[in-house]
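Let's take a look at the aromatic rings in this protein and the company they keep. Have a scroll around the model before reading on.

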Amino acid sequence: MAELQEVQITEEKPLLPGQTPEVAKEAELAARILLDQGQTHSVETPYGSVTFTVYGTPKPKRPAILTYHDVGLNYKSCFKPLFQFADMQEIIQNFVRVHVDAPGMEEGAPVFPLGYQYPSLDQLADMIPCILQYLNFSTIIGVGVGAGAYVLSRYALTHPDTVEGLVLINIDPNAKGWMDWAAHKLTGLTSSIPEMILGHLFSQEELSGNSELIQKYRNIITHAPNLENIELYWNSYNNRRDLNFERGSDITLKCPVMLVVGDQAPHEDAVVECNSKLDPTQTSFLKMADSGGQPQLTQPGKLTEAFKYFLQGMGYMASSCMTRLSRSRTASLTSAASLDGNRSRSRTVSQSSESGHLPSGPPGHTMEVSC
């Protein structure tokens with residue numbers, strides 16, 4: 001009897017009937033491998049079903065990293081190079097990831113029937129609470145590209161208490177004006193839907209160069225079995241409402257934000273304008289050289305460095321090694337603070353493939369850092 005009591009005390013997890021310790025260990029290992037590979041779920045929302053894939057296990061008192069992809073892509077084609085980058089592994093070991101596929105964009109998605117009313121971008125944002133409720137997650141750090149950046153921004157405006165931070169790549173918060181509509185209609189007369197979407201994703205210089213990357217994504221979009229669905233998502237993006245950001249007003253992002261754009265991106269002007277409308281004490285602006293229209297694909301290393309520093313600024317991963325980018329940026333901001341006292345400013349980081357000096361610009365100006 002004494003031996004039986006000792007076994008009960010030392011056994012941490014009771015076995016299922018007929019299950020040996022070896023079988024239990026194998027089952028636990030299989031479950032862990034399954035989590036590492038990602039578990040795909042679908043949840044019903046007021047605007048239809050949405051599919052998402054979860055990697056890792058939730059960490060206590062830490063938000064989930066939730067991603068949302070751009071038009072013409074899904075979570076794999078948009079984010080795989082970034083999250084498989086070697087230096088990113090330190091980040092993903094500390095956070096659970098939730099990769100959302102816009103409706104009809106997931107792999108193997110059936111084509112929507114003729115006449116199907118695709119959700120607006122506002123409605124796509126309203127699907128996110130259903131995902132968090134399903135997973136029992138309370139807060140997120142959002143990472144969005146293009147249309148996905150807009151969706152996450154809209155969600156953050158309506159649910160600010162659940163968003164701890166946002167990384168917004170190629171965001172255009174403005175609705176299309178009449179001139180934009182005219183140009184869009186004119187382009188539609190001479191270009192196919194895949195070519196229009198490629199022009200949204202990449203710069204004209206990249207498309208003209210027709211690199212291996214461009215050929216790959218042109219093939220992905222042109223031969224997509226769900227091209228009709230992609231066109232519906234594209235139409236929703238072009239019908240987006242203005243987010244009406246205004247510095248100093250209640251309509252603004254209230255969490256830390258990192259805006260990212262390539263120096264050759266078709267959305268550079270829109271991101272610069274967005275930066276001017278957000279709270280400068282909460283917003284960092286990262287303009288990446290030689291990255292083209294999709295920096296998460298072409299410069300995953302530099303973006304990973306910036307993301308790591310962004311997380312450190314939020315109070316996470318404080319023990320992580322400082323990278324060259326973050327050291328340079330810290331030195332720049334420290335130098336600026338010594339010149340400008342405690343005045344807050346919008347922080348700009350401009351990356352170059354060549355190493356350079358840290359300019360100490362006049363007080364009150366944004367700092368340009370080459371690294």
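A charge counts as sitting over a ring if NZ of Lys or CZ of Arg is within 6 Å of the ring centre and within 35 degrees of the ring normal. Keep in mind that this is a predicted model.

**Charges over rings**
- R62 fits that description: this arginine lies over the face of F95, at 5.3 Å from the ring centre.
- R240 does likewise with Y237, lying over the ring face at 4.2 Å from the centre.

**Rings with rings**
- How many aromatic pairs does a search of the whole structure find? The search turns up nine.
- One of them is F52 with Y134, an edge-to-face pair with 5.8 Å from centre to centre and 75 degrees between the planes.
- This pair links distant parts of the chain: F52 belongs to strand β2 (residues 48-55) and Y134 to helix α5 (residues 121-135), 82 residues apart.
- F52 has 0% relative accessibility, so this residue counts as buried, whereas Y134 is partly exposed at 45%.

**A stacked pair and its cluster**
- The ring centres of F112 and Y116 are 4.1 Å apart and their planes are at 10 degrees, so this pair is stacked; the cut-off for stacking is planes under 30 degrees apart.
- F112 counts as partly exposed, with 22% relative accessibility, and Y116 is partly exposed too, at 27%.
- F112 and Y116 also team up with Y118 and Y233 in one aromatic cluster.

Key: Residues numbered from 1 in each chain as written. Predicted model: local features only at pLDDT ≥ 70, side-chain atom pairs only at ≥ 80, totals over all residues. Heavy atoms only, no water. Phe/Tyr/Trp six-rings, centres within 6.5 Å; stacked < 30°, edge-to-face > 60°. Helix = DSSP H or I, 4+ residues; strand = E, 2+ residues; numbered from the N terminus. Buried < 20%, exposed > 50% of the residue type's maximum accessible area, 1.4 Å probe, protein only.
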